[in-house]
Amino acid sequence: MAAALSLHDVTLHFGGVKVLQDVTFDVTPGVILGLVGPNGAGKTSLFNCISGHYRPSAGSITIDGTEVVGTAPARLARLGLARTFQHPALQLDATVLENVLLGGHTRLRGGPVSWSLRLPGTVRAEREIRQEALGLLDRAQLGWAANLPADELSHGLHKGVELCRALLSKPAVLLLDEPAAGLSHGEVEQLIDAVRRVRAEEDITVVVVEHHMGLISALTDRVVVLDHGRLLMEGTAAEAQSDPRVVEAYLGKDATDDAA
Ligand SMILES: Nc1ncnc2c1ncn2[C@@H]1O[C@H](COP(=O)(O)OP(=O)(O)OP(=O)(O)O)[C@@H](O)[C@H]1O
Ligand SMILES: [Mg+2]
């Protein structure tokens, strides 16, 4: 079976700065993979390479066996990739529902011409997608906000709206960049339940970047640890947390020496 997502020697340089160096790993279909590492390790940059926002300097990235390096983000969405951002960027003057509906575009057949002609099939599909969007908002306990402008919601709630937008595209591969940042303990628990439920109900593979180790332990099947742009280790969350190299990467060598 082809990996849902496969990275081979992914390297990213900005001028002389080496942001990613020869990063190689596979994600098996249906798995929830944690991508962890200290600030500046390159996690978001790696997501940007996968989602087509950055073009790697070298290396290969495949989604379900298809090479995607050089593919534009909009086309990647049609290939089944969705993501959320570390710093959500919603259309602030649009409503919450309109923001979520942006995730449904990839599921409408035809193009702008058939959409503007409002053919019966398109109208029906739009209605169904709108119902699904409302259902996703309800499940995320955001139904009350559907018709409010997005800028009336807190930062934490923007993350929930972005997740609904990503899920509406029915992705095969979902990338979540720090979904728990800024959430309360109860909201993190809700998020864990929501991602578990999606995995149970859909054919989906998830890669989640998080500093919240409780979420990583509760949610992931495996983790990949990045440090200074390199893959430091791969294993379970428990293995990563007890690996001296990982402890050192998070605390810094001096801190581990001091503790010894
Ligand atoms: N567009 C860019 N131009 C120059 N340098 C960049 C660019 N994007 C990222 N970097 C650099 O790449 C390195 C990794 O940044 P990145 O945001 O990927 O880290 P991260 O692991 O997501 O960190 P955090 O946990 O703080 O979000 C940093 O040194 C950053 O300054
Ligand atoms: Mg980041």
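Around ligand 1 there are 14 residues, counted as near when one of their heavy atoms lies within 4 Å of the molecule, and Gly40, Lys43, Ser45, Gln86 and His211 come nearest. This is a predicted model, in which local features need pLDDT of at least 70 and side-chain atom pairs count only at pLDDT 80 or more, while totals for chains, interfaces and linings use all residues. Residues are numbered from 1 along each chain as its sequence is written, ligands are numbered from 1 in the order in which they are written, and side-chain values use heavy atoms, with hydrogens and water left out.

**Ligand 1**

- By class, the shell around ligand 1 holds five nonpolar, seven polar and two charged residues, with Gly counted among the polar ones.
- Helix H1, residues 43-50, gives the most to this shell, with three residues; helices here are DSSP runs (H or I) of at least four residues, and strands (E) of at least two, numbered from the N terminus.
- Oxygen atoms of ligand 1 lie 2.9 Å from a side-chain N or O atom of Asn39 and 2.9 Å from one of Thr44, whereas a nitrogen atom of ligand 1 lies 2.9 Å from a side-chain N or O atom of Tyr54.
- Taken alone, ligand 1 exposes 640 Å², of which the protein buries 63% (Shrake-Rupley method, 1.4 Å probe).

**Sheet**

- Four strands form an open sheet in the order S2-S1-S4-S5 with antiparallel pairing, where pairing requires at least two DSSP bridges between two strands.
- Strand S2 (17-27) and strand S5 (66-67) are the edge strands, each pairing on one side only.
- Strand S1 (residues 5-14) pairs with strand S4 (residues 58-63) over five bridges in the antiparallel sense, and Ser6 has Thr62 in S4 as its bridge partner.

Notes:
A polar contact is a pair of N or O atoms within 3.5 Å; within protein, one must be able to donate a hydrogen and the other to accept it, and residues adjacent in sequence count only if both atoms are side-chain atoms.
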